Amino acid sequence: MQLSRKQNEYIVNATHRWNIKSGAVRSGKSYVDTAFVIPFRIRERAGKPGLNVILGVSKESIERNVLQPMREIYTDTLIGTINNRNVAKICGEDVYCLGAEKISQVAKIQGSSIKYCYGDEIAKWNKEVFQMLKSRLDKPYSCFDGSCNPEHPTHWLKEFLDNPELDIYLQKYTIFDNPYLPDEFVEQLCKEYEGTIYYDRLILGLWKRAAGAIYKKFADNPESFRCEVVDNLSPDSDYKQFRKEDIVSIELGIDFGGNQSGHAFVARGYTDGFKEVIALKSKRIMARDENEEIDSNRLDELFCGFVQDVIDKYAVVSKHSGYVEYCNVESVFWDNAETVLGNSIRNAVDRRFPWMSVRPAKKKQINDRIRCTVRLMGAGRFFITDDCESLQIAFSDAVWDQEKKDKDERLDDGSTDIDSLDAFEYTIERDMRDLIQEVEDV
């Protein structure tokens, strides 16, 4: 087991009640915990009163970020799985493994004394969970180890870490503190986040406020992302070219708008292995376009026309006896806040395009969707056709809300086209982990 200078420094100095590592992704913060700290702390307190607890964003993230890496080192003989009582056997001791996004998820340990707690992705927890935890570490030998990526500078965790009266050991990491990362990986990650708030936070490990353009690289030069989808490649094109047959999956997103916003349609294509993401076509319809109310019947008609336009221009279609045998336009994901409109769209699509799947969007965390898109743009894996005027404007105009001091939030006051961004994100959100192609070490 080879540890970096920073990781060895943590082992020597993490003798406080609160021991926390804050900083960049893939900097080695979590590895020292799973390789040494967690097993050591649990064994050190074996037989003493109190509970052992691991808290993370969810039980799934605990398994992925904590237990599985430990299992790879110590085998499943010493590192068990989480059972239906939310308990995993670690080094012969019972350890409660609980999600910390909601206070209700940790109700099972409220009122209990905790002798050791490990915290994964602390900055993403519910604040009330952390407040509860502070009162539960009540033994003379109770202690906490944890790690986090930085958020905005007024985040509740940052206020806690900056309190000089508390018994806290805080160690800060940049990505350059991990000597075992390949140089080309570090260079690529820096490139992906260059010019964004994520560079400050996830590369340099700084608690910085989100400000200015969200998709800065795109906003500075939209033309550098332009592409063409053609039947046959041409050596004379000024833009990146893709053959229709190279697009293995086309999916569509639809966001329903109210009187102050618009309905937005976006079609997205993938090349094989999620290598490139191509925004193929977009359309935005304001609630009173064409001097008429856009009721559900009219919306169904407009959307099905959009689907047909996408098929005509970008799809690979094969037919047998007049029926569609294959078409790479596969799915529609609709805004799940509008069930009536969504069901109407599903019925309309099913009648005209029966091979297509129509499902509600998952609507995952907006900032996770933003971060995935930013990385795709930074990595040179995102492209957009000239059929995406509304989406291009939406990416160029998107900014952070400067009035929100306590959280990072995309400005949504009607001055920018959030609807088109949502519609695009509905088409990639289920695939974000595959698109980014790594499970980040927090």
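## Where helix 12 meets helix 13

Let's start at a helix pair: S390, L391, A394 and F395 of helix 12 are in contact with S420, L421 and F424 of helix 13. Sorted by class, this contact has 5 nonpolar and 2 polar residues, and no charged residues. Please keep in mind throughout that this is a predicted model.

How do the two helices cross? Helix 12 covers residues 389–397 and helix 13 covers residues 418–426, and their axes come within 8 Å and cross at roughly 105°. Helix 12 and helix 13 are therefore roughly perpendicular to each other, since angles of 65 to 115 degrees fall in that class.

## The sheet that helix 13 packs on

Helix 13 brings us to an open sheet of 6 strands, arranged in the order 16-15-10-11-12-17 with mixed pairing. Its edge strands are strand 16 and strand 17 (382–384), each of which pairs on one side only. From one strand to the next, the twist averages 25°.

At one end of that order, strand 12 (residues 277–286) pairs with strand 17 in the parallel sense, over 3 bridges. Within this pairing, I278 stands opposite F383 of strand 17. Helix 13 packs on the sheet and touches strand 10 (247–255), strand 11 (262–271), strand 12, strand 15 (329–334) and strand 17. The direction of helix 13 makes about 35° with that of strand 11.

## The seven-stranded sheet

A second sheet to look at is also open: its 7 strands have the order 3-4-2-5-6-1-7, and the pairing is mixed. Which strands stand at the edges? They are strand 3 (87–90) and strand 7 (168–173); each has a single partner strand, so one side of each is left without a neighbour in the sheet. On average, neighbouring strands are turned by 20° against each other, direction ignored.

For a view of one pairing in this sheet, go to strand 2 (residues 51–56) and strand 4 (residues 93–99), which run parallel and are joined by 5 bridges. G56 has G99 of strand 4 as its bridge partner. As general background, strands of a sheet pair through backbone hydrogen bonds, in either a parallel or an antiparallel way.

## Helix 1 and its neighbours

Helix 1 lies across strand 1 (18–23), strand 6 (143–148) and strand 7. Helix 1 runs at about 180° to strand 7.

Helix 1 (residues 5–13) also meets helix 2 (residues 29–44): their axes come within 10 Å and cross at roughly 45°. The two helices are therefore oblique to each other, and their crossing is right-handed. On the helix 1 side, the contact is made by Q7, Y10 and I11, while helix 2 contributes Y31, V32, D33, F36 and V37. By class, the contact of helix 1 with helix 2 has 6 nonpolar, 1 polar and 1 charged residues.

## Two buried residues

Is I168 buried or exposed? I168, which sits in strand 7, is buried, because its relative accessible area is 16% and the cut-off for buried is under 20%. Leaving aside neighbours within four places in sequence, I168 is in contact with H16, W18, F160, L161 and N163. F144 is 24 residues away from I168 in sequence, and their C-alpha atoms are 9.6 Å apart in space.

D300 belongs to helix 9 (residues 296–314) and also counts as buried, at 9% relative accessibility. Not counting residues up to four places away in sequence, D300 touches S344, I345 and A348. Between D300 and Q392, which are 92 residues apart along the chain, the C-alpha separation is 24 Å.

## Two residues with positive phi

Most residues other than glycine have a negative phi. With that in mind, have a look at T75, which is not a glycine but has a positive phi of about 70°. T75 is placed in helix 3 (residues 59–78) and is partly exposed, with a relative accessible area of 41%.

K363 also has a positive phi, near 55°, in a residue other than glycine. Where is K363 found? K363 is in the loop between strand 16 (357–360) and helix 11 (366–378). With a relative accessible area of 32%, K363 is partly exposed.

Notes. Residues are numbered from 1 along each chain as its sequence is written. This is a predicted model: local features need pLDDT of at least 70, side-chain atom pairs count only at pLDDT 80 or more; totals for chains, interfaces and linings use all residues. Side-chain values use heavy atoms; hydrogens and water are left out. Axes are lines fitted to C-alpha atoms, for helices over the stretch in contact, and angles run from 0 to 180 degrees between N-to-C directions. Helices (H or I, at least four residues) and strands (E, at least two) are DSSP runs, numbered from the N terminus. Angles under 35 degrees count as roughly parallel, over 145 as roughly antiparallel, 65 to 115 as roughly perpendicular and the rest as oblique. A crossing is left-handed if the near helix is turned anticlockwise from the far one by less than a right angle, and right-handed if clockwise. Contact means heavy atoms within 4.5 Å. Ala, Val, Leu, Ile, Met, Phe, Trp, Tyr, Cys and Pro count as nonpolar, Asp, Glu, Lys and Arg as charged, and the others, Gly among them, as polar. Two strands pair if DSSP finds at least two bridges between them. Buried means under 20% relative accessible area, exposed over 50%, partly exposed in between (1.4 Å probe, protein chains only).
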